[in-house]
Amino acid sequence: MHTVEFQSVSKSFSDKNIIRDISFSMEQGEIFGLLGPNGAGKTTLIRLLLDIIKPDIGKIYVFGKPLSPAAKNRIGYLPEERGLYRKTGLLDMLVYLAQLKGMPEKQAHLIAESLLKSLDLYQYKNKKVEELSRGMQQRLQFLSAIIHDPDLIILDEPFSGLDPVSAKTVKDKILELRASGKTILLSTHMMEQAQTLCDRILMLNKGGRVLYGSVDEIRIEHGKNSLVVEFAEKEDFNAIREIPGIKKIIESGKSVELFPEEGIKIQFLLEELVSRTNLLRFEQTLPSLNEIFIETLESAASE
Amino acid sequence: MNNCPEKTFIVARHEFLKTIKRKEFLFMTFLFPLLLMGISLLPAVFPGTSPEEDQKIGYIDLTGALEFPKSIQSQGFSPGTSETETSVKEFVMYREISDARQDLQAGLISSYIIIPENFLETGTIALYSPEKEASLPDIELSAELSDIIITSLLKDEVDDPVLNRIRDPVNMKFYNIGESGEPSEQGIAEIFASFGLPILTAFLLLFSIFSSSGFLLRGVTEEKENRIIEILLSSVTPSEILRGKILGLGAVGLLQIIIWLAAVTLGSGYALPAKIELLTLFLALIYFVLGFLFFASMMAGIGAVTSSLQESQQIAGIFTFAAASPLIFMQLILTDPDSPFSVFLSLFPLTSPVAMLARMGVAAVPVYQILASLFILFISVHGVILLSSRLFRVYLLMYGKRPGIREILKNIKTGSE
């Protein structure tokens, strides 16, 4: 059973296609990245998933079924546009939001208190939200998404506006959640975060699916298939020219980029290099998600 | 959709508790009746303010034909106390205007009057008083002078009973024929009870409906403005939010109007000589519930469509004005409660709660009209709730530009898309 499954989902608003024929699935226990430039349809896709808006065509399954009120209780949501009741006390607000997710009041109270403690907000528990600093509000908002112990957590730009310390707290919390078997949908355009955190991604552009799959596979797929090597001595530069199966060599300062011929195993090249040179560094270059992202968008724009 | 009614109640409870802690609510609910009570108690607390003081009045009679008594006692009614106040006016005769003026300046008399020689032809009497006391036209003195002049002129011409009738020709008393067929005298208390209280109730009703549906409007716009609505929608359905809010704030309004009615009932036993009819109370509550549902769901719809508090209040203002219009036409309703216009106002759903209660205050409204107005209101409530919950679903998440009327109408037709 997929935790989330979209089957050919499309949605348009007043003749503008926001989501075009999107299919993907999310598996339990993974961090799934939803990437794309602004206006690509990430937030719309999340709202479709949450049944806040309905698709024009296509089917959406959450926990194996169309979303039911009971299943909604198993989802936590941190929207991109942050919203909290400004004049309500921290504890009251967390308890209210947890109750709306079907958690009994007493239990919500206990959990809210322990969560506030874990993010150093306990001493403000009776303060109004508007009295908190921005960073604290962000942390509080994050708590409101996970207070009811959801199985599926949807985080829309969770790091935006966070200082480095808060960002690390949130990041650790996300990894902790994955370790305990929760499924996390992480929507972001911060590619470094996505690259380090996500297991698999879906990249949208103008409502369509442009990339989908595991982060590692995508990076290998988009790799130029080159190797970066570095030697201790200058003479070694000549030695590599004797290695068969290299179609191109680009020297750049101390390091050299090698482009192997089609069908040449990396393992073979490594062995050759080790036997002929004094090797300091050997690295298979994989493009960062950021590079793939920009490359994909540029090729889409030029089409 | 009805799988989780308890979420509706969670929303309702939250809205209720949040609102009754608001300063505006506490102010309106508790200070308003205190203010009313204060106004009605003021004369009792300061008894010396309104009653007449004893006065000395000089007079110069140039006709020489009038007979002034040495003094007269006048009885004044002061509101707030059941006793009547008595004050004494002494009349002092002067021959020369200069003497009277001297005494006035010396403070020996409070004012003097001059009856000119041609008084019989013109009927003019001049009253002189010190500059500082630019007194209001003294109606009481004018009535007393009339009595003195009638007595002086006719004393020897007619018998005493005739004289009394000329001085006080008609003494009206008012009777109601009740269900028993026995006539009963109508006192001030009864007139106030049947006339003033329904109007007061109508006012309170309007205030309460406005304030609680105003809270609703503000709540929806606030949630939209600070985007928490998105979190709410990920947990509950739009109609659960709508129903929860209406329920919670309806309870707030009901609490408010019960406090007010209790204050009026308690206050009426103390300060106002009146009693409240249970039927009026009961109808007031029914009109409150229906009127509130009507307005609240309308406000929710407006709140969903608009994107800022200011904008929503402007649009809501149009409807609020329409609903308050019976107050503008109150004079018309009270003087001619059975005119087609008054009947229309008491049937039209925007205005019916206030207009009907006001009409009931001054006339026996036929039962079928009350039922018809309740029925129309009831049907309208259903219509507005249906409409608003559709708007709620479509527009809650649309920020920025307010949709045009045509687009709204289209979306109402297509419904839940």
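**View 1. The four-stranded open sheet of chain A.** In this predicted model, four strands of chain A form an open sheet with antiparallel pairing, in the order β11-β12-β10-β13. Look at the two ends of that order: β11 (246-252) and β13 (279-284) of chain A have a single partner strand each, so one side of each is left without a neighbour in the sheet. From one strand to the next, the twist averages 20 degrees. In the middle, β10 (residues 227-231) and β12 (residues 255-260) of chain A run antiparallel and are joined by four bridges. To find one bridge yourself, start at A:Leu227: its partner in β12(A) is A:Leu258.

**View 2. A helix packed on the four-stranded sheet.** Helix α10 (residues 266-276) of chain A packs on this sheet, where it touches β10, β12 and β13 of chain A. The direction of α10(A) makes about 170 degrees with that of β13(A).

**View 3. The six-stranded open sheet of chain A.** Follow the strands of chain A across this open sheet and you will read β5-β6-β7-β3-β8-β9, with mixed pairing. Which strands stand at the edges? They are β5 and β9 (208-214) of chain A, each pairing on one side only. Here the twist averages 15 degrees from one strand to the next. Strand β8 (residues 200-205) of chain A runs antiparallel to β9(A), and six bridges join them. Within this region, A:Leu202 stands opposite A:Tyr212 in β9(A).

**View 4. Two helices and the six-stranded sheet.** Helix α1 (residues 42-49) of chain A packs on the sheet and touches β3 (31-35), β6 (152-156), β7 (183-188) and β8 of chain A. Its direction makes about 155 degrees with that of β6(A). Helix α11 (residues 289-302) of chain A lies across β3, β8 and β9 of chain A, and it runs at about 30 degrees to β8(A).

**View 5. Helix α6 of chain A, checked with a ruler.** Does the helix's length make sense? Try the sum: at 1.5 Å a residue, the 16 residues of α6 (residues 164-179) of chain A should span 22 Å, and the end C-alpha atoms are 22 Å apart, which agrees. After α6(A) comes A:Gly181, with a positive phi near 90 degrees.

**View 6. The surroundings of A:Arg219.** This residue lies in helix α8 (residues 215-221) of chain A. Is A:Arg219 buried or partly exposed? With 18 other C-beta atoms within 10 Å, A:Arg219 is partly exposed, because a buried residue would need 20 or more. Leaving aside neighbours within four places in sequence, A:Arg219 is in contact with A:Leu286, A:Pro287 and A:Ile292. A:Gln195 is 24 residues from A:Arg219 in sequence, and their C-alpha atoms are 9.7 Å apart in space.

**View 7. Where chain A meets chain B.** Here 20 residues of chain A are in contact with 17 residues of chain B. On the chain A side, α2 (69-72), β5 (75-78) and α3 (90-100) each supply at least two residues, and α3(A) gives the most, with four. Sorted by class, this side of chain A has 11 nonpolar, three polar and six charged residues. For the complex, the predictor gives an ipTM of 0.77 and a pTM of 0.68.

**View 8. Confidence along chain B.** The average pLDDT of chain B is 76, and 74% of the residues score at least 70. Over residues 77-83 of chain B, pLDDT stays under 50, and the model has 13 contacts beyond four places in sequence for them. Where pLDDT is low, the predicted coordinates should not be read in detail.

Note on methods. Residues numbered from 1 in each chain as written. Chains lettered and ligands numbered in written order. Predicted model: local features only at pLDDT ≥ 70, side-chain atom pairs only at ≥ 80, totals over all residues. Contact = placed C-beta atoms within 7 Å. Nonpolar A, V, L, I, M, F, W, Y, C, P; charged D, E, K, R; others polar. Expected span 1.5 Å × (residues − 1). Pairing = 2+ DSSP bridges. Axes fitted to C-alpha atoms, helices over the stretch in contact; angles between N-to-C directions. pLDDT = per-residue confidence, 0-100. Buried ≥ 20, exposed ≤ 12 C-beta atoms within 10 Å, placed from the backbone.
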